[in-house]
Amino acid sequence: GCEYAVVECGLGGRDDATNAIKRKSLAVITSVSLEHTAILGDTIEEICEKKAGIIKDCPVVVSALQSESGRKFLSRYTQSFAGDGLEIVSRSAKGSEFTYKGGRYFIGLCGDAQCYNAATAIDAAGALGIGGCRAEAGLVLTKLKGRCEILKAGGRTYILDGAHNPAAFAPLLDVLRGMEGRKSLVFGCLSDKDVGQVARGISKEFEKVLAFSPHSYRAMGAEQISSAFLQAGCKDVRICADVQGALGEADGDIIAVCGSFTILKEAKQWIEKRQ
């Protein structure tokens, strides 16, 4: 009975079960980065080819702002990319304001990447005849738990973020670079993640790293995580038994908890008890 169903592909697109859906009104391909390379391929072009498999019986294709190689591949399906011409007006811990296609919008999520995600939503809604004030109101009301989610407790600021591939950490880095004070990182991830590249990208933002292995059969060992951050140049890296132990050992003014969505519930419960 719904007017529209928004269906997310599970992995890739071409070989995903959601491809059984017929009569699609619209196909949306968000920003493509290297992830699940064992299944999707180890280049942007190979991953784009898999993702473009959802473009069947689609009169309209909306694609987010892509890397140069992603843009080159996907240009065979669309000549315009969401976010082209977007200008960010202001940034704060409460969100960002930006202009796009003659409109002015506010998105209550942190990080420049979220503005481009919003532009993708604006274009997709516009293709379905939904725009103007409704698009603006929808973005204002948008909430996303576990992505640069900020909590305060015990005189400290905690940032919970479920980013788990190197490109996805950009919003968290935007937030961290705008905050003053000593920073610690509580980090746990799953075994299929590129922890080395993540560590090289974010380690310089922190004085101390607390590594642990999440409660999952897919978890990466704390020793492997610790080794990655030591190799990235972190001098103070400690191994902890779990996320609670890592939070208890963290110090500084700002504590970032990230690496996997699977760790955020326990972390949030621990923090809320101290509010």
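Which residues are buried in helix H6 (residues 170-177)? In this predicted model, the buried residues of helix H6 are Pro 171, Leu 172, Leu 173, Val 175 and Leu 176. Several elements receive them: the buried residues of H6 pack against helix H4 (112-127), helix H7 (195-202) and three strands, namely S7 (156-161), S8 (183-187) and S11 (254-258). Gly 178 is placed in the loop that runs between H6 and S8. With a relative accessible area of 63%, Gly 178 is exposed. A look across the model gives a sense of distance here, as Gly 178 and Arg 23 are separated by 155 residues in sequence and by 45 Å in space, C-alpha to C-alpha.

Charged pairs come next. The structure holds 14 salt bridges. One of them joins the side chains of Asp 161 and Arg 147, with an N to O distance of 3.2 Å. This pair links distant parts of the chain, since Asp 161 belongs to strand S7 while Arg 147 sits in the loop between H5 and strand S6 (149-153), 14 residues apart. Both partners are hidden from the surface: Asp 161 is buried, and Arg 147 is buried too.

A second salt bridge brings together the side chains of Asp 192 and Lys 193, at 3.6 Å from N to O. Here the two partners fall into separate classes of exposure. Asp 192 has 41% relative accessibility and so counts as partly exposed, whereas Lys 193, at 13%, is buried because buried means under 20% relative accessible area.

Arg 238 and Glu 249 form another salt bridge, and their closest N and O atoms are 3.5 Å apart. Arg 238 is part of strand S10 (residues 237-239) and Glu 249 is part of helix H9 (residues 243-249), so this pair ties together parts that lie eleven residues apart in sequence. Arg 238 is partly exposed, with a relative accessible area of 34%, and Glu 249 is likewise partly exposed, at 31%. Salt bridges also connect three residues in a network, made up of Arg 182, Lys 208 and Asp 251.

The surface of the model has patches of its own. Negative charge gathers in a surface patch formed by Asp 42, Glu 45, Glu 46 and Glu 49. Of these residues, Glu 45 can be placed in helix H2 (residues 44-51). Its relative accessibility is 38%, so Glu 45 counts as partly exposed. A nonpolar patch is found on the surface as well, where Phe 106, Val 140 and Leu 141 together offer about 280 Å² of accessible area. Leu 141 is a residue of helix H5 (residues 133-141). Leu 141 is exposed, because its relative accessible area of 65% is over the 50% cut-off.

The backbone deserves a short look too. Most residues other than glycine have a negative phi. Against that background, two residues can be picked out. Lys 101, which is not a glycine, has a positive phi near 50 degrees. Lys 101 lies in the loop between strand S4 (95-100) and strand S5 (103-107), and with a relative accessible area of 64% Lys 101 is exposed. Cys 148 also has a positive phi, of about 50 degrees, although Cys 148 is not a glycine. The loop between H5 and S6 holds Cys 148. In contrast to exposed Lys 101, Cys 148 counts as buried, at 7% relative accessibility.

Two further residues show how parts of the chain meet. Cys 9 is located in the segment before strand S1 (27-29). Setting aside residues up to four places away in sequence, Cys 9 touches Asp 16, Thr 18 and Ile 54. Cys 9 and Asn 19 are ten residues apart in sequence, and their C-alpha atoms are 8.0 Å apart. Thr 78, for its part, is found in the loop between helix H3 (68-74) and strand S3 (87-92). Is Thr 78 buried or exposed? With a relative accessibility of 8%, Thr 78 counts as buried. Beyond its neighbours within four places in sequence, Thr 78 is in contact with Val 61 and Ser 63.

Definitions and conventions. Residues are numbered from 1 along each chain as its sequence is written. This is a predicted model: local features need pLDDT of at least 70, side-chain atom pairs count only at pLDDT 80 or more; totals for chains, interfaces and linings use all residues. Side-chain values use heavy atoms; hydrogens and water are left out. Patches are made of residues with over 30% relative accessible area and no salt bridge: like charges are joined within 9 Å, nonpolar side chains (Val, Leu, Ile, Met, Phe, Trp, Tyr) within 5 Å. Accessible areas come from the Shrake-Rupley method with a 1.4 Å probe; for residues, only the protein chains shown count as cover. A salt bridge is a side-chain nitrogen of Lys or Arg within 4 Å of a carboxyl oxygen of Asp or Glu. Lys and Arg count as positive and Asp and Glu as negative; His and the chain ends are not counted. The place of a charge is taken as NZ of Lys, CZ of Arg, CG of Asp or CD of Glu. Helices (H or I, at least four residues) and strands (E, at least two) are DSSP runs, numbered from the N terminus. Buried means under 20% relative accessible area, exposed over 50%, partly exposed in between (1.4 Å probe, protein chains only). Contact means heavy atoms within 4.5 Å.
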